[in-house]
Amino acid sequence: MKNVDMIPVVNLLTSPAWEDYRLLDSGNGRKLEQFGPYRLIRPEAEAVWSPMMDESEWQKASAEFIPSAEENGGHWKVLKKLPESWKIRYRDLTFKAMLSNSKQLGIFPEQACHWDWVTERIRSRKEPVKVLNLFGYTGAISMACGAAGAKVTHLDASKKAVAWAKENQALCRVPLDRIRWILDDALKFVQREARRGSLYEGVILDPPKFGRGPKGEVWEFYKGFPALLEACAGVLSEKADFMLVTAYAVKASSVTLYNALSEVNRKRNGSVSVGEVCNRDDHGRMLSMAVYGRWMANTGEERK
Ligand SMILES: C[S@@+](CC[C@H](N)C(=O)[O-])C[C@H]1O[C@@H](n2cnc3c(N)ncnc32)[C@H](O)[C@@H]1O
């Protein structure tokens, strides 16, 4: 590695193509968002500033997630009539949005820039692309990859999340044979894939800070991440095109992801870029949601 490569630029990515999602405002530890026709309030620890909009705008929210003392715990307080679920569109993709116990709605809007990036990577390749998506949740990026023509292996430990992702597949009209569904522990599965020589051109992972596999396997970011990333690099084919890591709720900086991705891909001809994925509100203020790291193969003449 050249010395100059060891000083990463930290990119702040936003997703300006959204029409069905807007971050309206943030402040005082909360954010006000528009998901399709509904306005919602969610806690946001990063919002250590004052809101820009008048309180009357916040009062138009249909529901607010009220956090409890335990991490990620809490409940939705419904303030106005809301359907059980509704649809959210991004470009040609359609997803089911729904209030869930974890304060999530099944969509991480700040990741739309990743959906665009993988779509472009997959479409620009002439050869077929196989993608492994770990901790796939409700499958937004699996749908982006499938719609772009990739064969996707989507893995999650939760039956509920996989069922929701299947609904998204139908809404996105991604052909059934494009997605292979796996209910398993992420690390165990990748290690098994490596042993049987099952390889991919793209690997995507969105590891939470803490999680459990379907048999209670414990996932802890700081303990498990090095082995998981090494295992992921081990299932990249000779014609590998990309690796994409997004990490929420961890104190890891994008520099950490830069170092880790550079290390596991040191023998491949490519480059690493890192930064934060952000939502930008109507007043121009950015709210950082997660750190990310991307490794991509050099294209054209340089591609091996
Ligand atoms: C997408 S990640 C969450 C990332 C999200 N951005 C956040 O931090 O809130 C969460 C997903 O990982 C899954 N998960 C947690 N532990 C897992 C494990 N050991 N193996 C596979 N999936 C796991 C969960 O079921 C969930 O759908």
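# A walk from a loop proline to the ligand

Let's start at P214, which sits in the loop between β13 and β14 (218-220). Keep in mind that this is a predicted model. With a relative accessible area of 40%, P214 is partly exposed. For a sense of scale, take D92 as a partner: 122 residues separate P214 and D92 in sequence, and C-alpha to C-alpha they are 32 Å apart in space.

Now for the ligand. Which residues come closest to the ligand? The shell holds 18 residues, and the closest are F135, D156, D185, A186 and Y248. By character, the shell divides into nine nonpolar, four polar and five charged residues. Some of the aspartates deserve a closer look. The side chain of D156 has an N or O atom 2.6 Å from an oxygen atom of the ligand. D185 works on a nitrogen instead: an N or O atom in the D185 side chain is 2.8 Å from a nitrogen atom of the ligand. Then there's D206, with a polar side-chain atom 3.4 Å from a nitrogen atom of the ligand. On its own the ligand has 590 Å² of accessible area, and the protein covers 86% of that. Two elements give two or more residues each to the shell, namely β10 (151-156) and β13 (210-212).

β10 is a good place to linger. Five of the six residues of β10 are buried, so you'll find the strand mostly covered. On one side there's β9 (residues 130-134), a strand that pairs with β10 in the parallel sense over four bridges. If you want a specific pair to click on, K130 has K151 of β10 as its bridge partner. β10 also pairs with β11 (residues 179-183): these two strands run parallel and are joined by five bridges. Here D156 turns up again, since its bridge partner in β11 is L183. That gives D156 two roles to look at in the viewer: a bridge to L183 and a side-chain N or O atom 2.6 Å from a ligand oxygen.

How do the helices fit in? Between β9 and β10 comes α3 (residues 140-147), and β9, α3 and β10 together make a right-handed β-α-β unit. The next step along has a right-handed β-α-β unit as well, made by β10, α4 (residues 159-172) and β11.

Is α3 itself enclosed or open to the outside? It is largely enclosed by the rest of the structure, because seven of its eight residues are buried. Those buried residues are A140, I141, S142, M143, A144, C145 and G146. After α3 comes G149, with a positive phi near 110°. In the loop between β9 and α3 you'll find Y137, which has a positive phi of about 55° although it isn't a glycine. That's worth a second glance, because most residues other than glycine have a negative phi. Y137 counts as partly exposed, because its relative accessibility is 21% and the buried class stops under 20%.

N28 has a positive phi too, of about 55°, and it isn't a glycine either. The loop that holds N28 runs between β2 and β3 (30-35). What puts N28 in the exposed class? Its relative accessibility is 59%, and exposed means over 50%.

Strand β2 (residues 21-27) is home to D25. Is D25 buried or exposed? At a relative accessible area of 0%, D25 is buried. Its side chain has a polar atom that lies 2.7 Å from the backbone nitrogen of M53.

The last stop is H114, found in α2 (residues 112-123). H114 is buried too, because its relative accessible area is 0%. The side chains of H114 and T246 are joined by a polar contact of 3.2 Å.

Methods. Residues are numbered from 1 along each chain as its sequence is written. This is a predicted model: local features need pLDDT of at least 70, side-chain atom pairs count only at pLDDT 80 or more; totals for chains, interfaces and linings use all residues. Side-chain values use heavy atoms; hydrogens and water are left out. A residue is near a molecule or strand if one of its heavy atoms lies within 4 Å of it. A polar contact is a pair of N or O atoms within 3.5 Å; within protein, one must be able to donate a hydrogen and the other to accept it, and residues adjacent in sequence count only if both atoms are side-chain atoms. Accessible areas come from the Shrake-Rupley method with a 1.4 Å probe; for residues, only the protein chains shown count as cover. Ala, Val, Leu, Ile, Met, Phe, Trp, Tyr, Cys and Pro count as nonpolar, Asp, Glu, Lys and Arg as charged, and the others, Gly among them, as polar. Buried means under 20% relative accessible area, exposed over 50%, partly exposed in between (1.4 Å probe, protein chains only). A crossover is right-handed if, with the strands pointing away from the viewer, the path from the first strand over the helix to the second runs clockwise.
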